[in-house]
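Visitor: I should be grateful for a close look at one part of this structure. Please start with a single residue and explain each term when it first appears.

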Amino acid sequence: QDALRTARPGGKVVILGTGAARGADWTALWFRELTVLGAYGRQVERWNGRAVSTYELVLELIANGKLKFERLLTHTFALADYRKALAAVTAKRSSGVIKAAFKF
């Protein structure tokens, strides 16, 4: 609901995952002329002759050392630097952020 309400007129809203959008007020779609895109990032994969869920496969590959994911985390920030972190993740093209996290 927040994305629909705060997207700029003519903007895009991406709905991720499989959750139902129950109770959302979709009026903004036509009044603000928004584009809505859906993204679904998991399924059943065929891997080494077996069917396995995407998440299960990824966790297995990480556990076996066959998938290196450390380089996806490109930036870390102290919690006190949350303004700097938000600026970086909202300007990914210029900041080079792929994934950011807070250091606790």
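Guide: Glutamate 60 counts as partly exposed because its relative accessibility is 25%, and partly exposed means a value between those for buried (under 20% relative accessible area) and exposed (over 50%), found with a 1.4 Å probe and with protein chains only. This is a predicted model, in which local features need a pLDDT of at least 70, side-chain atom pairs count only at pLDDT 80 or more, and totals for chains, interfaces and linings use all residues. Residues are numbered from 1 along each chain as its sequence is written, and side-chain values use heavy atoms, with hydrogens and water left out.

Glutamate 60 is part of helix H3; helices (H or I, at least four residues) and strands (E, at least two) are DSSP runs numbered from the N terminus. The side chain of glutamate 60 meets that of arginine 50 in a salt bridge, with 2.5 Å from N to O. The term refers to a side-chain nitrogen of Lys or Arg within 4 Å of a carboxyl oxygen of Asp or Glu. This pair links distant parts of the chain, for arginine 50 lies in strand E4 (residues 50–53) and glutamate 60 in helix H3 (residues 54–63), 10 residues apart. Arginine 50 is also partly exposed, because its relative accessible area is 30%. As a distance for orientation, the C-alpha atoms of glutamate 60 and glycine 41 are separated by 17 Å, the two residues being 19 apart along the chain.

A search of the whole structure finds two salt bridges. Besides the pair just described, arginine 5 forms one with aspartate 2, where the closest N and O atoms are 3.1 Å apart. Here both partners lie in helix H1 (residues 2–6), three residues apart, or about one turn of the helix. Both arginine 5 and aspartate 2 are exposed.

Just before strand E4, the chain passes through a loop that follows strand E3 (44–47), and asparagine 48 is found in this loop. Its phi is positive, about 50°, although asparagine 48 is not a glycine. Most residues other than glycine have a negative phi. Asparagine 48 counts as exposed because its relative accessible area is 68%. A positive phi, near 50°, also occurs at glutamate 33, which lies in the loop between H2 and strand E2 (35–39). Glutamate 33 is exposed, because its relative accessibility is 61%.

Glutamate 33 leads to the buried part of the structure, since it touches alanine 28, as do Leu4 and Leu34, when residues up to four places away in sequence are not counted; such contact means heavy atoms within 4.5 Å. Alanine 28 lies in helix H2 (residues 27–31) and is buried, because its relative accessible area is 14%. The largest nonpolar core has five residues in all, namely Leu4, Ala7, Val13, Ala28 and Leu34. A nonpolar core is a set of buried Ala, Val, Leu, Ile, Met, Phe, Trp, Tyr and Cys residues joined through side-chain atoms within 4.5 Å. In soluble globular proteins, nonpolar side chains tend to be buried together. Alanine 7, with residues up to four places away again not counted, touches Val13, Arg32 and Leu34.

The structure holds one aromatic pair. Its members are tryptophan 30 and phenylalanine 31, and the arrangement is tilted, with 6.4 Å centre to centre and 55° between the planes. Rings of Phe, Tyr and Trp (its six-membered ring) pair if their centres lie within 6.5 Å; planes under 30 degrees apart count as stacked, over 60 as edge-to-face, and the rest as tilted. Both tryptophan 30 and phenylalanine 31 are exposed.

Further along the chain, alanine 85 is placed in helix H4 (residues 82–89) and is buried, because its relative accessible area is 5%. Neighbours within four places aside, alanine 85 is in contact with Phe77 and Phe102. Phenylalanine 104 sits in the segment after strand E6 (99–103) and counts as exposed because its relative accessibility is 86%.
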